[in-house]
Amino acid sequence: MKQEEIIQEIRRLAAERNALLLAHNYQRDEIQALADITGDSLGLSMEAARTDKDVIVFCGVHFMAESASILAPDKIVLLPRPDAGCPMADMVTPEGLRELKARHPGVPVVTYVNSSADVKAESDICCTSSNAVNVVNSLEADEVILVPDRNLGRYIAQHTDKKCIFWEGYCPTHDRLDVEAVKRAMAEHPDALFMAHPECPPEILELAQHICSTSGMYDFARNNPAKTFIVGTEAGILYRLRKENPGKEFILPSAKLICPNMKLTSLEDVLKSLQTMSPEITVPAAIREKAKLTLDRMLAVPRD
Ligand code: 13P
Ligand code: SF4
């Protein structure tokens with residue numbers, strides 16, 4: 001089938017199945033172009049909970065489809081590529097977290113949404129890259145356990161008086177970005193502003209004029225009068241940045257900023273998923289209830 005025929009067939013089947021197509025900001029360009037909604041990990045899960053559609057086709061990675069299923073348990077959540085995982089989410093297990101908790105009794109666990117439902121269920125509250133500091137500062141405790149991203153954890157620690165205990169996980173894609181590559185891009189584009197995702201290592205964040213989530217980057221690029229931006233996150237974000245800001249230039253400082261898991265989902269996979277109504281992602285009720293509590297607590301924290 002030609003690409004245009006695949007797209008038409010996806011649209012026809014999505015209408016027939018009453019399905020909503022969601023795509024994360026790091027997905028391939030053609031998947032983002034096709035999706036009903038693009039967004040960050042938590043934003044998409046909230047769209048899944050909000051929609052009146054029966055089926056959610058989640059073009060992203062496993063933990064995102066799980067979050068959608070936790071927040072929208074009555075809907076069928078399909079993940080076209082079940083092998084699309086997140087290496088950072090896999091760096092922490094419920095057993096490992098229980099051991100850490102046993103060493104720090106009573107210390108609340110703040111878990112990044114980039115984590116499995118099992119790990120969320122072992123936690124007290126979730127956070128995202130856009131609300132992590134507010135979430136931590138909303139807690140009464142003087143000490144917190146931050147899981148699983150050490151880079152986001154160290155960023156939070158710079159913005160709170162609380163004692164932070166870190167899980168030493170990291171996103172291999174953001175962790176690969178090296179200082180030399182960013183400095184080279186800055187030297188080549190001296191008027192550019194550098195915006196970076198908090199999953200980047202601390203020495204990269206030190207160079208950034210703006211640190212924010214993927215959705216925060218769209219707002220920063222739109223509202224800032226600068227004409228050139230160096231982008232410290234996964235390459236997929238360039239699609240919408242360029243589309244929404246035709247007069248501006250966006251520079252990726254390193255060709256290493258590609259998440260292989262985020263690039264797995266193809267148009268063919270989306271079509272097959274709608275044809276077969278699989279693979280479906282579900283979360284067992286006992287885990288779902290506990291994990292949902294951590295997401296609900298996060299959503300109750302006031303935004304800036
Ligand atoms: P956000 O889209 O929530 O900023 O997350 C970045 C990421 O790495 C998702 O896998
Ligand atoms: Fe996981 Fe990093 Fe890929 Fe996001 S970009 S899915 S955090 S490995």
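## Briefing: a ligand, a helix pair and some backbone oddities

A polar side-chain atom of S129 sits 3.2 Å from an oxygen atom of ligand 1. Bear in mind as you look around that this is a predicted model. Below you'll find the ligand and its neighbours, then the pairing of α3 with α4, and then a few spots where the backbone does something worth a look. One residue to keep an eye on is S41: its side chain has an N or O atom 2.8 Å from an oxygen atom of ligand 1, and S41 also turns up in the contact between α3 and α4.

**Around ligand 1**

- There are 13 residues around ligand 1, and H24, S41, H197, E199 and T214 come nearest.
- T214 puts a side-chain N or O atom 2.8 Å from an oxygen atom of ligand 1.
- How much of ligand 1 does the protein cover? On its own the ligand has 300 Å² of accessible area, and the protein covers 95% of that.

**Helices α3 and α4**

- Helix α3 runs over residues 41-50 and helix α4 over residues 62-71; their axes come within 8 Å and cross at roughly 35°.
- The crossing of α3 past α4 is right-handed.
- On the α3 side, S41, S45, M46, A48 and A49 make the contact, while α4 brings F63, M64, S67, A68 and L71.
- Sorted by class, that α3 and α4 contact has seven nonpolar residues and three polar ones, with no charged residues.

**Cis peptide bonds**

- Going from V147 to P148, the peptide bond is cis, with omega near -15°.
- To find P148, look in the loop between β7 (143-147) and α8 (150-157).
- The peptide bond from S278 to P279 is cis too, and its omega is near -10°.
- As for P279, it's in the loop that links α14 (267-276) and α15 (285-299).

**A positive phi**

- Which residue has a positive phi although it is not a glycine? That's N18, with a phi of about 55°.
- You'll find N18 in the loop between α1 (3-17) and β1 (19-24).

Key:
Residues numbered from 1 in each chain as written. Chains lettered and ligands numbered in written order. Predicted model: local features only at pLDDT ≥ 70, side-chain atom pairs only at ≥ 80, totals over all residues. Heavy atoms only, no water. Axes fitted to C-alpha atoms, helices over the stretch in contact; angles between N-to-C directions. Helix = DSSP H or I, 4+ residues; strand = E, 2+ residues; numbered from the N terminus. Left-handed = near helix turned anticlockwise from the far one by under 90°. Contact = heavy atoms within 4.5 Å. Nonpolar A, V, L, I, M, F, W, Y, C, P; charged D, E, K, R; others polar. Near = heavy atom within 4 Å. Polar contact = N/O pair within 3.5 Å; in protein donor to acceptor, adjacent residues only side chain to side chain. Areas by Shrake-Rupley, 256 points an atom, 1.4 Å probe, with all protein chains shown as cover.
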